[in-house]
Amino acid sequence: MPAPEQHRLIFRHIDEPGYSNDLACYQRNGGYEVLRKAVQRKPEELVDEVKKSGLRGRGGAGFPCGVKWSLLDRKSGKPIYLVVNADESEPGTFKDRYIIYRDPHQLIEGIMITCFANKVERTFIYIRGEFPDGAKILEKAIAEARAAGFVGPNIVGTAYGCEIYVHRGAGAYICGEETGLIESLEGKRPYPRIKPPYFPAVLGLYQCPTIVNNVETLCHVKHIADMGGEAYSKIGTPNNTGTRILCVSGQVQRPGYYEFEVGRVTMGQLLNEVCGGPLPGRTFKAVIPGGSSAKVLRFGERYKGKRKVGAEMVEYDWGVEDIPMDFDSLAMIGSMGGSGGVIVMDDSVSMVEALGNINAFYSHESCGQCTPCREGSLWMKRITARMVHGDARPGDGALLKSVADQIAGRTICAFGEGCAWPTQSFVAKFGEEFKSYSKETRGPRPDGVPELV
Amino acid sequence: MINLSAETMRRIDDVIPHYPMKRSAALPLLHFVQEDQGYISSEAIEWIAAKLEIQPINVYELVTFYPMFRQKPIGRRHIRVCRTLSCAIMGGYRTCAEFQRQFNTGLGEVSPDGEVTVEFVECLASCGTAPVVMIDDELHERVDASKARELSEKIKAAPAAGAR
């Protein structure tokens, strides 16, 4: 079956010649009209639209956005904060970068609608430190929007007002974890908080009720307010509504960003047709479907079971190529849609070395708060580095697995799972490579095969 | 006492009221001071702590945690090569080695001519155009070894431009 056409909702203008990131261009394309109408409605109605839309968070966990909003403690009498997670740092993910750099007003409009719907009066955009120009672009866009009455006091002539401030991070991956992000925003080390009791919806920023939403998620809110939750929920597939930006990187002909209705494109269509297939003379070996924490998929493996289609349970028997790119299907086959970062590896890549690269990342980024994660990520890195640069032993795969198995489920935040899943899945699916990996079998590195560790 | 430019002082005084609690301004202040002075000195830590009415340890622990803050000066230009998986698969290690060769320098050091500091950093969120490199605040995409040579030549040829 040929791949469906892209459905560009968020990235509609991203590659349009002449489309610029200033207010005038945004308004020429209908910008801020949705906000203008939204503030004439009741805030509760907007929350209902988002609930009806079925929108799931695009940052990684896929948590339903409307449910997140409805968990807010609205009776505490404390101010409610929105914190925009623009810390895009899951390896393989690069969608928010393009929203921020090329269409910042779309994000600001989504933020303002979200703030109005949830009675938020102060918002922080937490943008990763490595986007210095992105922070400047956002600040300029906010200033333009403020001058035009879309941000600040008395939005489009109403009594409602809300400020947006840009806050720059400083290179720490853990700040993408929502409670770590909140700690960082409070001026501390970004040690994630334990839940319960620190659910952001109740005890978030400054111990006030707080919503933390991803950049792409907030852009979807604008489109939901525009077309209505009902209409939005018809895009995509049941329980996996709307569109989703898939970021493809690694060894394919055409890496890049592609926006599809969720679940309407399969991994095979995405990689073979949309991205043009493997590099010349190569075949696909493995793919990580949702950012580097997601469990790896091996080409050639089969996924079998029963799944719900409509009201019925039907059997499925899929190869990697058959998997629909939605939250539920990827979870069902044992991985996750995560942040939408698809990392492709072909037969030139050693899985031991790829895991060594990933382990070095997690070891560097563990915040160090929980012992299993701090020590475990370090040892997983040391073992894979030794395998590559020193002596690999046949038992190393089992050793790696034993370390990983003692991290997941024993930490305050999901980083524990995030650093254990790559090791667990690589060893489970490519165990023979870990057993046979040694300097002797490896030989001299052939031309064009990159170093990874 | 540290000498900050009038512009830096203005930015500092502008940003503090964005937050209901002063301590929240610690990261912005560290960025501003580092942009002004090139690094975070122990005097700067004391100064920021006093400005925000917190203890110096509360600032120091940020400087040691967040990878972007440094306690020593770096070269005139800062070359940050992405090390993470998508970039590495596409040749990031070769790119990094080429920059090191061009400036005869090790990772994280100031090159002997004082021109650059080459660093390996984790994912820069531009995986679709791998391998990527940040030179100061600017992102460069698809930087293979030959493009790394070109960029190095430009840095060597323009010692005054983009001075920090």
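How many helices and how many strands are there in chain B? Let's work through that and a few more exercises together.

Some ground rules come before the solutions. This is a predicted model, where local features need pLDDT of at least 70 and side-chain atom pairs count only at pLDDT 80 or more, while totals for chains, interfaces and linings use all residues. Residues are numbered from 1 along each chain as its sequence is written, and chains are lettered from A and ligands numbered from 1 in the order in which they are written.

**Exercise 1. Describe the build of chain B.**

Step 1: Chain B has 7 helices and 4 strands. Both are DSSP runs numbered from the N terminus: helices are H or I with at least four residues, strands are E with at least two.

Step 2: Along the sequence, these elements of chain B come in the pattern α-α-α-α-β-α-α-β-β-β-α.

Step 3: Along the principal axes, the C-alpha atoms of chain B fill a box of roughly 50 × 30 × 25 Å.

Step 4: Chain B has 164 residues, of which 43% count as buried. Here a residue is buried if 20 or more other C-beta atoms, placed from the backbone, lie within 10 Å of its own, exposed if 12 or fewer, and partly exposed in between.

Step 5: Of the contacts in chain B with a separation of 6 or more, 58% join residues 24 or more positions apart. A contact requires C-beta atoms, placed from the backbone, to lie within 7 Å.

**Exercise 2. Work out how α2 and α3 of chain B pack.**

Step 1: The axes of α2(B) and α3(B), the latter covering residues 42-52, are 11 Å apart, at an angle of about 140 degrees. Axes are lines fitted to C-alpha atoms, for helices over the stretch in contact, and the angle runs from 0 to 180 degrees between N-to-C directions.

Step 2: The crossing of α2(B) and α3(B) is right-handed, a word used when the near helix is turned clockwise from the far one by less than a right angle.

Step 3: From α2(B) come B:Ala26, B:Leu29, B:Leu30, B:Val33 and B:Gln37, which meet B:Ala44, B:Ile48, B:Lys51 and B:Leu52 of α3(B).

Step 4: Sorted by class, this contact has 7 nonpolar, 1 polar and 1 charged residues. Ala, Val, Leu, Ile, Met, Phe, Trp, Tyr, Cys and Pro count as nonpolar, Asp, Glu, Lys and Arg as charged, and the others, Gly among them, as polar.

**Exercise 3. Find where chain B touches chain A.**

Step 1: The contact involves 35 residues of chain B and 46 residues of chain A.

Step 2: On the chain B side, the elements giving two or more residues are α2 (26-37), α4 (56-65), α5 (85-89) and α6 (92-103).

Step 3: This side of chain B holds 22 nonpolar, 8 polar and 5 charged residues.

**Exercise 4. Look for unusual backbone geometry.**

Step 1: Start from the background: most residues other than glycine have a negative phi, and most peptide bonds are trans.

Step 2: In chain A, the bond joining A:Lys195 and A:Pro196 is cis, with omega about -10 degrees. A:Pro196 sits in the loop between α8 (178-185) and α9 (200-203) of chain A.

Step 3: In chain B, the bond from B:Ala130 to B:Pro131 is cis, with omega near -10 degrees. B:Pro131 belongs to the loop between β2 (116-121) and β3 (133-135) of chain B.

Step 4: B:Ala125, in the loop between β2 and β3 of chain B, has a positive phi near 60 degrees. B:Ala125 counts as buried because 27 other C-beta atoms lie within 10 Å.

Step 5: B:Asp136 has a positive phi of about 50 degrees and lies in the loop between β3 and β4 (138-140) of chain B. With 13 other C-beta atoms within 10 Å, B:Asp136 is partly exposed.

**Exercise 5. Trace the sheet in chain A.**

Step 1: Five strands form an open sheet in the order β8-β7-β13-β9-β10, with mixed pairing. Two strands pair if DSSP finds at least two bridges between them.

Step 2: The edges are β8 (256-261) and β10 (297-298), each pairing on one side only.

Step 3: β9 (residues 284-288) and β13 (residues 341-346) of chain A pair in the antiparallel sense over 4 bridges, and A:Ile288 stands opposite A:Ile343 of β13(A).

Notes. Contact = placed C-beta atoms within 7 Å.
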